[in-house]
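Please look through the structure shown here and follow its main features in order.

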Amino acid sequence: MADHFLLVVGRDWRLRRLIRANLEVLGFQVREAADGQQGVALLRDSRPRLILLDLDLLDEADRQVLADLCDAMPRQPVPVIVLGSELPGRDVLQREGVAGYLKKPFAIPALLEQVQRLLEYP
């Protein structure tokens, strides 16, 4: 379903696949990007309803992806859930579009709850 398209960005393919499998059970279509550049490229082709951004293991260029993702859609920001093993700085959490944060390791039900809340999906 095109209107349920979610984007998962992060270098850890196992985490991307775990998130994807759990979101697909709820009926979402999920696309994956292994780094910030792939994420921005996917955004040029389509507009996801939500972005899950894993900041761990991203280099400085990839960390710029959050700004690029927000800038890629100036009309209406896409909600972003930031994932990480450490709390990101204020500059990340206060950015327009950042709607949630999950500290790793997180429980899948906590992830699904945030996704459903942000999308108002029953």
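What follows goes from the overall layout to a few individual residues and then to one pair of helices.

The model is predicted. Its protein chain contains six helices and five strands, and in sequence order these give the pattern β-α-β-α-β-α-α-β-α-β-α. The chain has 122 residues, of which 48% count as buried. Contacts that reach far along the sequence can also be counted: among those between residues at least 6 apart, 64% join residues at least 24 apart.

Strand S1, residues 5–9, is a convenient place to begin, and Val-8 lies in it. The relative accessibility of Val-8 is 2%, and the cut-off for a buried residue is under 20%, so Val-8 counts as buried. Leaving out residues up to four places away in sequence, Val-8 touches Arg-16, Ile-19, Val-30, Arg-31, Glu-32, Ala-33 and Leu-52. One of these, Ile-19, will return below as part of the contact between two helices. Val-8 can also be related to a residue in another strand: Asp-54 is 46 residues away in sequence, while the C-alpha atoms of the two are 7.9 Å apart in space.

Asp-54 belongs to strand S3, which covers residues 50–54. Is Asp-54 buried or exposed? With a relative accessible area of 4%, Asp-54 is buried. Beyond residues up to four places away in sequence, the residues that Asp-54 touches are Val-9, Gly-10, Asp-12, Leu-15, Leu-83 and Lys-104. With Lys-104 there is also a polar contact between side chains, at 3.0 Å.

Lys-104 sits in the loop between strand S5 (98–103) and H6. Lys-104 has a relative accessibility of 18%, which is under the 20% cut-off, and therefore counts as buried. With residues up to four places away in sequence set aside, Lys-104 touches Leu-15, Asp-54, Asp-56, Leu-83, Gly-84 and Ser-85. Leu-15 and Leu-83 thus appear among the contacts of Asp-54 and among those of Lys-104.

The backbone after Lys-104 deserves a separate look. Most peptide bonds are trans. The bond from Lys-104 to Pro-105 is cis, with omega near -5°. Pro-105, like Lys-104, is placed in the loop between S5 and H6.

Another proline, Pro-77, is found in the loop between helix H4 (65–72) and strand S4 (80–84). At 30% relative accessibility, Pro-77 counts as partly exposed, because this class runs between the 20% and 50% cut-offs. The C-alpha atom of Pro-77 is separated by 5.4 Å from that of Gly-97, a residue 20 places away along the chain.

The last step concerns two helices, H1 (residues 13–25) and H6 (residues 108–119). Their axes come within 11 Å and cross at roughly 60°. That angle makes H1 oblique to H6. The crossing of H1 with H6 is right-handed. On the H1 side, the residues that meet H6 are Leu-18, Ile-19, Asn-22 and Leu-23, and their partners in H6 are Ile-108, Leu-111, Leu-112 and Val-115. Sorted by class, this contact has seven nonpolar residues, one polar residue and no charged ones. Ile-19 therefore has a place in two parts of this account, since Ile-19 is in contact with Val-8 of S1 and also takes part in the meeting of H1 with H6.

Terms used. Residues numbered from 1 in each chain as written. Predicted model: local features only at pLDDT ≥ 70, side-chain atom pairs only at ≥ 80, totals over all residues. Heavy atoms only, no water. Axes fitted to C-alpha atoms, helices over the stretch in contact; angles between N-to-C directions. Helix = DSSP H or I, 4+ residues; strand = E, 2+ residues; numbered from the N terminus. Parallel < 35°, antiparallel > 145°, perpendicular 65-115°, else oblique. Left-handed = near helix turned anticlockwise from the far one by under 90°. Contact = heavy atoms within 4.5 Å. Nonpolar A, V, L, I, M, F, W, Y, C, P; charged D, E, K, R; others polar. Buried < 20%, exposed > 50% of the residue type's maximum accessible area, 1.4 Å probe, protein only. Polar contact = N/O pair within 3.5 Å; in protein donor to acceptor, adjacent residues only side chain to side chain.
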